[in-house]
Amino acid sequence: MSPEKTSAKQPAGIISLQGVHKSFKGRKVLDNINMDIMPGESHIVIGLSGAGKSVLFKCILGLLRPDRGAILINGEEWFTLPIEEKLQRMSCVGVLFQGAALFDSLPVWENVAFVLRRQGMNKPEARERAAEVLEWVGLPDICDKMPAELSGGMKKRVGMARAICHRPDIIFYDEPLAGLDPVMSDVITTLMKRLHERMNVTSLTIAHSMKLVREFSDRVSMLYEGRIYQQMARHDIDSSHDPVFKQFIEGRADGPIQFTFSGSDHGKEAT
Amino acid sequence: MYFLEAIGDAVQRLAYALGLYPLLAGKVIVRLRKPPWFFPLIIEQCEMVGVQSLPVVLLTAVFTGMVLALQSWVAFHRFGAESMIATIVSLSMLRELGPVLVGLMVAGRVGASFAAELGAMRVSEQIDALWTLSTDPVRYLVIPRVLAAMLMMPLLVLLADAIGMAGGYVISVYALDQNPHTYITNSYDYLELIDLYSGLFKAMVFGTIIGLVSCAEGYYCAGGAGGVGKATTRAVVVSAMSILIADYILTAWIFK
Ligand SMILES: Nc1ncnc2c1ncn2[C@@H]1O[C@H](COP(=O)(O)OP(=O)(O)O)[C@@H](O)[C@H]1O
Ligand SMILES: [Mg+2]
């Protein structure tokens, strides 16, 4: 029921957050976050829209600077490093963004092989590697297409190929199933599971889908009012009696989290 | 009350925006001292800037040169000093109209596209993605654009100067019946090198302003597609205003 407490300093996890705070214009979005992600674990963060899940991700990835607290990756604080060192260390993470965030100006294979090309691999070799990874996500023969020509599901899979092409140890998924049809959701879920089993990666996922939580997670954290409200192993989800947590996993509008609706059905006219 | 609030709001926004330009400028300067510099991207951006600007710049220059000749003729005809038209045209083009008008056109054309491109990349998380793919977005996106604007502006202005003077020549010789030989001699005889150099130096400064302002607007863009539109408009307006202000300051400084 209370936020998880970790013993200070010595990190147990491959990713370790210690007392992380972040506010925007005086509004607390993250309020004393402590969590540890163990090596090889699949950790899913759930929470209402606007709870600060993406902000949490961005802090871990070094895209936002927390106001207070420490974030250690592989036992090392990245914020104090010079930019070049940070960028070098980024090669151990792969990120699948919510909208895939493919580079519009580059063809698919150059998107996928972006890091390899930056590391100085020559064109034919990088292209071959990209083609292999694309085939692995079920997209052969699209190397020379431009991202604008792809459907949402294809973009997600190309984004996934780009995230794993350089063989990272830690993978971040930001709402990997958002905006996909049920079949494509299952395809992506399967890929995520296969990646986990074959490559022994650690992953941190933001998700709204309880199906994904049940199929893919080892542990779950619920972010609520800026704190880690609950953290538990997957098999404890259904035995939880916390009303807020239950409301979330059952997906009900009524419960301890209050939503106010306009009393009249002509609310649109009022605005 | 509402009026005061609006002013306060505007001042706050201005302070916020003015903080972003130096912030990005600082990041650019820090990174310029060490590789990687991404030369192919710089060349690519130079091409883009050139291709995008050439038509508008040439058109602007030729009509400016023509109208300058026409208007000076009206004035100088009253004193019987038509021979001065050539000098007026070349001097105004080199020192003032070339850099300022090209600057304004490039702000509208290139500045808008810088802000829109980077803004779209920001809101679709492509800039964040670059970072996670071990690539510094300032080096990869901002520096090539700023350098391209800075390097291409003097070239465009040089071209505009030539075309503008040619436009003035055509009008003076074919429409206003001036002697072609005297016109050409008068174009050059009263010029000093500083007239040319000051214009090209201004062009470089204006190019840097356009690059930095537009890239900062795009790079720090927020608020979805609407935010990109606003950033693009602000990039053009702020670049254009800054060019006019910088022009006065530079002129006062160079010719003091
Ligand atoms: N760059 C930012 N500037 C100001 N507020 C922000 C910024 N990023 C996120 N926020 C705010 O932080 C809160 C959490 O956002 P976010 O992490 O995107 O939520 P979600 O859990 O749905 O991913 C939101 O209320 C949002 O308005
Ligand atoms: Mg989010």
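Which residues are found around ligand 1? The views below take that up first and then move on to other spots in this predicted model, where local features need pLDDT of at least 70, side-chain atom pairs count only at pLDDT 80 or more, and totals for chains, interfaces and linings use all residues. Residues are numbered from 1 along each chain as its sequence is written, chains are lettered from A and ligands numbered from 1 in the order in which they are written, and side-chain values use heavy atoms, with hydrogens and water left out.

**View 1. The shell around ligand 1 is built from residues of chain A.** Here are the residues: Phe24(A), Arg27(A), Val29(A), Leu48(A), Ser49(A), Gly50(A), Ala51(A), Gly52(A), Lys53(A), Ser54(A) and Val55(A). To count as near the ligand, a residue needs one of its heavy atoms within 4 Å of it. By class, that shell has five nonpolar, four polar and two charged residues; Ala, Val, Leu, Ile, Met, Phe, Trp, Tyr, Cys and Pro count as nonpolar, Asp, Glu, Lys and Arg as charged, and the others, Gly among them, as polar.

**View 2. Backbone atoms of chain A sit by oxygen atoms of ligand 1.** Look for a backbone N or O atom of Lys53(A) at 2.8 Å from a ligand oxygen. Val55(A) has a backbone N or O atom 2.9 Å from an oxygen of ligand 1, and for Gly52(A) the distance is 3.0 Å. Taken alone, ligand 1 exposes 560 Å², and the protein buries 60% of that (Shrake-Rupley areas with a 1.4 Å probe; for residues, only the protein chains shown count as cover). Two elements of chain A give two or more residues to the shell: strand 2 (27-37) and helix 1 (53-60). Helix 1 of chain A gives the most, with three residues. Helices here are DSSP runs of H or I with at least four residues, strands are runs of E with at least two, and both are numbered from the N terminus.

**View 3. Gln126(B) reaches across to chain A.** This residue lies in helix 4 (residues 126-132) of chain B. Its side chain makes a polar contact with the side chain of Asp104(A) at 3.0 Å, and another with the side chain of Ser124(B) at 2.9 Å. A polar contact is a pair of N or O atoms within 3.5 Å; within protein, one must be able to donate a hydrogen and the other to accept it, and residues adjacent in sequence count only if both atoms are side-chain atoms. Leaving aside neighbours within four places in sequence, Gln126(B) is in contact (heavy atoms within 4.5 Å) with Ala101(A), Leu102(A), Phe103(A), Asp104(A) and Met121(B). Gln126(B) counts as buried because its relative accessible area is 4% (buried means under 20%, exposed over 50%, partly exposed in between, with a 1.4 Å probe and protein chains only).

**View 4. Thr64(B) and Cys46(B) are two buried residues of helix 2 in chain B.** Helix 2 covers residues 39-79. Thr64(B) has 12% relative accessibility, so it counts as buried. A polar atom of the Thr64(B) side chain lies 2.5 Å from the backbone oxygen of Thr60(B). Not counting residues up to four places away in sequence, Thr64(B) touches Met93(B), Leu97(B) and Leu101(B). Cys46(B) is buried too, at 14%, and on the same sequence rule touches Ala148(B) and Met152(B).

**View 5. Some backbone oddities sit in loops.** The peptide bond from Pro35(B) to Pro36(B) is cis, with omega near 0°, and Pro36(B) lies in the loop between helix 1 (2-32) and helix 2 of chain B. Lys25(A), not a glycine, has a positive phi of about 50°; it is in the loop between strand 1 (15-24) and strand 2 of chain A, and counts as exposed at 90% relative accessibility. Asn74(A) also has a positive phi, near 50°, in the loop between strand 4 (68-73) and strand 5 (76-77) of chain A. Asn74(A) is partly exposed at 47%.

**View 6. Confidence varies along chain A.** The mean pLDDT (the predictor's confidence in each residue, from 0 to 100) of chain A is 89, and 92% of its residues reach 70 or more. Among the chain's elements, helix 3 (residues 108-112) has the highest mean, 97, and helix 10 (residues 267-270) the lowest, 47. Over residues 267-271 of chain A the pLDDT is below 50. Where pLDDT is low, the predicted coordinates should not be read in detail.
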